[in-house]
Amino acid sequence: MTGDGTRAVRAGLPEAEAYEPTLPGPVFAAHYHLPGDPVGPYTYGRDANPTWSLLERAISELESPGTDAETVVFSSGMGAISAVLLSQLRQGDAAVLPSDGYQLLPALVERLEGYGVTVRTAPTGEDAQLAVLDDRTKLLWLETPSNPGLDVCDIRRLAEAAHARGTLVAVDNTLATPLGQRPLELGADFAVASGTKALTGHGDVLLGYVTCRDPLLAAQVRAWRKTVGAIPGPMEAWLAHRSLATLQLRVDRQAATALALAEALRDRPEITGLRHPGLPTDPAHRLAAGQMRGGRFGCVVSFTLPDKECAERFLAGLRLVDDATSFGGVRSTAERRGRWGGDAVPEGFIRFSVGAEDPDDLIADVLRALDAACAATGG
Ligand SMILES: *Cc1c(COP(=O)(O)O)cnc(C)c1O
């Protein structure tokens, strides 16, 4: 099997054909010529699109190389997450979700409960979700590393315990990307992600996907997409596919700089709660090293400054880092996560997303902004 970089640059490309482009451009079509019986592959634009098909094949090759795994792409990560939860769970079912997962999960939990699904939640760290699994649990949802807390759970261990009870397992793989972690190889039934973040990496596309090996589960997710219409535009799908060619370059560079930044912040007196799964001293490091791939622990570093004012001054003082949400882009961003109100984080909590800048420039900018921000409070 080829290496990750080779796979990333070739993923999903069609067979070479004389005078055709390497990656065909986006196909804009609401409908296709359709004589006779309405059998595919392409009938109506909400059901399938050739640009999605190539991207779906590419993501399958990255999430689960050498298998027949199928991917279904969506208009956003939330479209993909909702598709798994809502296509699998029915009235009377039970599900276990993380209590510290993506900030919109609680809104989905409320909806599921309204539909008669029992939901239990527990934190990601220390595999706490194990304790709330029971024989009625139809679906276990994991997010590792978690956003924004960067805790890690043991996918193999949780998937084994879940499968022993007949429970399906989904893993939100947004932060790691398929180059950093392959949930299906670790035993999950669904790898789910927002492609908006590191997968596409340029901060200009919203996208989501679900990959599974069981064709029946893939068909259920695909049918859900058709029914609710959470489809990506052809242009977004094409931009995403184009971006996959640089995935290894971006992920490796951003992960290495994230680790260097975390190391540079380790001894700063104004910082508490520094987290990055690649730091050997991080509480999640041992587990992360056992299931994440190639030293790719993601581009996010999180830490807490003494208060809201210090955090705001820090963000305003950064010159190479945009104050913006989301993560995984080639341009560094950081934000005071507490401004959204959805996460259980302190007022001074910063989620920092490391981009592709020169590491020395970026680290110097951060240390300078920290000096200025926290000197103003005398420490
Ligand atoms: C951003 C994010 C999502 C949601 O994805 P969108 O593309 O914004 O809908 C889901 N899970 C995680 C871990 C995320 O970071």
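Arg 337 is buried, with a relative accessible area of 1%, where buried means under 20%, exposed over 50% and partly exposed in between, using a 1.4 Å probe and protein chains only. Let's start the exercises from that residue, after a word on the model.

This is a predicted model, in which local features need pLDDT of at least 70 and side-chain atom pairs count only at pLDDT 80 or more, while totals for chains, interfaces and linings use all residues. Residues are numbered from 1 along each chain as its sequence is written, and side-chain values use heavy atoms, with hydrogens and water left out.

**Exercise 1. Salt bridges**

Task: Find the salt-bridge partner of Arg 337, and say whether that partner is buried or exposed.

Solution:
- Step 1. Recall the rule: a salt bridge is a side-chain nitrogen of Lys or Arg within 4 Å of a carboxyl oxygen of Asp or Glu. Side chains of opposite charge can pair when their charged atoms come close.
- Step 2. Apply it to Arg 337: the partner is Asp 343, with the closest N and O atoms 2.7 Å apart.
- Step 3. Check the partner's surroundings: Asp 343 has 13% relative accessibility and counts as buried.
- Step 4. Look at another pair: Arg 275 and Asp 282 meet in a salt bridge at 2.9 Å, N to O, and both of these residues are buried.

**Exercise 2. A pair that joins two loops**

Task: Work out which parts of the chain are tied together by Asp 135 and Arg 165.

Solution:
- Step 1. Confirm the pair: the closest N and O atoms of the Asp 135–Arg 165 salt bridge are 3.2 Å apart.
- Step 2. Place both ends: Asp 135 lies in the loop between β3 (118–122) and β4 (137–143), and Arg 165 in the loop between α5 (155–164) and β5 (168–172), so the pair ties together parts that are 30 residues apart in sequence. Helices (H or I, at least four residues) and strands (E, at least two) are DSSP runs, numbered from the N terminus.
- Step 3. Compare accessibility: Asp 135 is exposed at 62%, and Arg 165 is partly exposed at 34%.
- Step 4. Widen the view: the whole structure holds 25 salt bridges. One network of them links Asp 4, Arg 7, Arg 182, Glu 185, Asp 252, Arg 293 and Arg 296.

**Exercise 3. Two buried residues and their contacts**

Task: Say where Gln 291 and Thr 304 sit, and which residues they touch.

Solution:
- Step 1. Start with Gln 291, which is found in helix α10 (residues 285–291) and is buried at 5% relative accessible area.
- Step 2. List its contacts, meaning heavy atoms within 4.5 Å. Not counting residues up to four places away in sequence, Gln 291 touches Thr 144, Val 152, Cys 153, Asp 154, Ile 155, Arg 156, Gly 180, Gln 181 and Leu 186.
- Step 3. Add a distance: the C-alpha atoms of Gln 291 and Arg 182 are separated by 8.3 Å, although the two are 109 residues apart along the chain.
- Step 4. Turn to Thr 304, in strand β9 (residues 300–304), where it counts as buried at 11% relative accessibility.
- Step 5. With residues up to four places away again left out, Thr 304 touches Glu 270, Ile 271, Thr 272, Pro 346, Gly 348 and Phe 349.

**Exercise 4. Domains and the cavity**

Task: Describe the two domains, then the largest cavity and its lining.

Solution:
- Step 1. The assignment gives domain 1 (4–244) and domain 2 (248–375); such bounds come from an automatic or database domain assignment.
- Step 2. Their contact takes 37 residues from domain 1 and 32 residues from domain 2, and the domain centres, taken over C-alpha atoms, are 26 Å apart.
- Step 3. Set the cavity rule: on a 1 Å grid over the protein atoms alone, a cavity is a set of points where a 1.4 Å probe fits but cannot get out, and lining residues have an atom within 4 Å of a point. Grid points are joined across faces, edges and corners, and a volume is the space filled by probe spheres set on the points.
- Step 4. The count comes to 1 cavity of 30 Å³ or more, and the largest cavity holds about 70 Å³.
- Step 5. Residues lining the largest cavity include Leu 175, Thr 177, Arg 250, Gln 254 and Cys 299. Helix α9 (residues 247–265) gives the largest share, 4 residues.
- Step 6. Each domain supplies at least three residues of this lining.

Key
On a 1 Å grid over the protein atoms alone, a cavity is a set of points where a 1.4 Å probe fits but cannot get out, and a pocket is an open set with protein on both sides within 12 Å along at least five of seven lines; lining residues have an atom within 4 Å of a point.
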